[in-house]
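Biologist: Could you help me learn to read strands, sheets and cavities in a model like this one?

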Amino acid sequence: MRKPPLLLLAPSIALLAIVVIVIAAVAAGTQGPFMAAMLQGEAQKQQKAAGPVLHDGDLRLELVAQGLEFPTSMAFVAGDALLVLQKNDGRVMMMLNNDDDDSDGTDSRFKEILRLDVANGAEQGLLGIASIDDEVFLYLTEEEGKEPLRNRVYKYDWNGSALANPEMILDLPAEPGPYHNGGKMAIGPASDGRRLYAVIGDTGAGGGVLDNQKEGGSSRPPDDKSVVFRVDRETGNAPHGDGGPFPDLPRYFAYGIRNSFGMDFDPVTGTLWMTENGPDRYDEINVVRPGFNSGWHLVSGPIARSNATAADLVMLGPAAYYGDPVFSWERPVGVTDIEFFSSGKLGPRYENNVFVGDINNGNLYFFTVNATRTGLALEEKGGLADGVADADDGNGGTEDLSYVLAGAGFGRITDIETGPADGYLYILTYEDGKVYRVRR
């Protein structure tokens, strides 16, 4: 198995390059989560300038650490070590304990433990991390000289202070790019053998059967885009003796996905939930069971609001099915991570229910799961009862999100995690490079 090249020279992030990317994205009408962070409105700037706030007076917010540069994902490794990924420079940062002064000469409480060579276009870079015991998985858009860009997942061994023995277990497309590379990963429940799940978007290329372009003509055959993978953690292959929902494509768990930057498993049922980024309408929260077809590029949001029917979608076999989102924002918010809060430390209201973040506004959302744990309890949430936050409430405004808004004013949320040792909620912000903790 291949090992990733270490980055020998630190990359410089030129302001001119950023300006060019922004202009190109606006011209193309393409704004993903990271691009949205560059294109924020004045109202959001003013709100964030005042600092983040929580809407539950029984909760308090603590700034745990700062000094990160464009962080995308974080994970608690082996119970207590917090590792954070930096998108553009490929650095893996470890948060230090309060009594540890080895912090690269700053007060940021972070120490670099690994640096990898990454492409750092709009939605490329060091994107995702997952861990179990002493195994750590990193998802990155890898740049190797003149070779085509690839999205790759590497498995590392954690020795308590460093990541060692890298092995590549997934080698995925990244072109044409630079958008929709996905990158989030999760470890499945024990009942599923603790498989590795990883999501990739369409990488900016439509027209394949995996994003519901009927076969024939110019349609591309399955090519590892717009997919949730479910693989063996050691090899990246399909789990032994388990064909999954698609026997001819045994590593695939779900498909039809434009892009995603959030996935987590319900700790009660073991079911996968995932966020999905829409184009100019409809960001989504989806319940993802084996064979799920999310409908892209024919459907965003509830299918009844589209010009398509389920018969128009490409079904990869008898296990394939389409399901509506359990919640949608008609006006995209740049939805990012989803976290089942598997702790009682914030009180019974929050335990085993869902926090979600966004990157456009820096909002933190909270949803209660319904009694059957197949969707969200929205019956008493005003205009949100139909599962859609409409851009037009019929009175000249947007439907009231206050029913599900737990906090606001964060500097672009990219990750949310439950602390395994203290049981509190941790929030990672992209724009200002901070880690917050929510506690009672």
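Modeller: Gladly; we will take a hairpin, then a sheet, then a cavity. Keep in mind that this is a predicted model.

Biologist: How do strands E9 and E10 pair, and over how many bridges?

Modeller: In general, strands of a sheet pair through backbone hydrogen bonds, either parallel or antiparallel. Here strand E9, residues 150-158, runs antiparallel to strand E10, residues 163-173, with 8 bridges joining the pair. To find your place, start at Tyr 154, whose bridge partner in E10 is Met 168. The two strands form a hairpin with 4 residues between them, and Gly 160 in that turn has a positive phi of about 105°.

Biologist: In what order do the strands of the open sheet lie?

Modeller: The order is E2-E28-E27-E26, 4 strands with antiparallel pairing. Strand E2 (60-65) and strand E26 (413-418) each have a single partner strand, so one side of each lacks a neighbour in the sheet. On average, neighbouring strands here are turned by 25° against each other, direction ignored.

Biologist: Which residue in E27 stands opposite Asp 415?

Modeller: That is Leu 428. E26 and strand E27 (residues 425-429) pair in the antiparallel sense over 5 bridges.

Biologist: And what lines the second largest cavity?

Modeller: The structure holds 2 cavities of 30 Å³ or more, and the second largest has a volume of about 40 Å³. Its lining consists of Arg 258, Glu 276, Asn 277, Gly 278, Glu 284, Trp 296, Val 299 and Ser 300. By class, that lining divides into 2 nonpolar, 3 polar and 3 charged residues.

Conventions. Residues are numbered from 1 along each chain as its sequence is written. This is a predicted model: local features need pLDDT of at least 70, side-chain atom pairs count only at pLDDT 80 or more; totals for chains, interfaces and linings use all residues. Side-chain values use heavy atoms; hydrogens and water are left out. On a 1 Å grid over the protein atoms alone, a cavity is a set of points where a 1.4 Å probe fits but cannot get out, and a pocket is an open set with protein on both sides within 12 Å along at least five of seven lines; lining residues have an atom within 4 Å of a point. Grid points are joined across faces, edges and corners, and a volume is the space filled by probe spheres set on the points. Ala, Val, Leu, Ile, Met, Phe, Trp, Tyr, Cys and Pro count as nonpolar, Asp, Glu, Lys and Arg as charged, and the others, Gly among them, as polar. Two strands pair if DSSP finds at least two bridges between them. Axes are lines fitted to C-alpha atoms, for helices over the stretch in contact, and angles run from 0 to 180 degrees between N-to-C directions.
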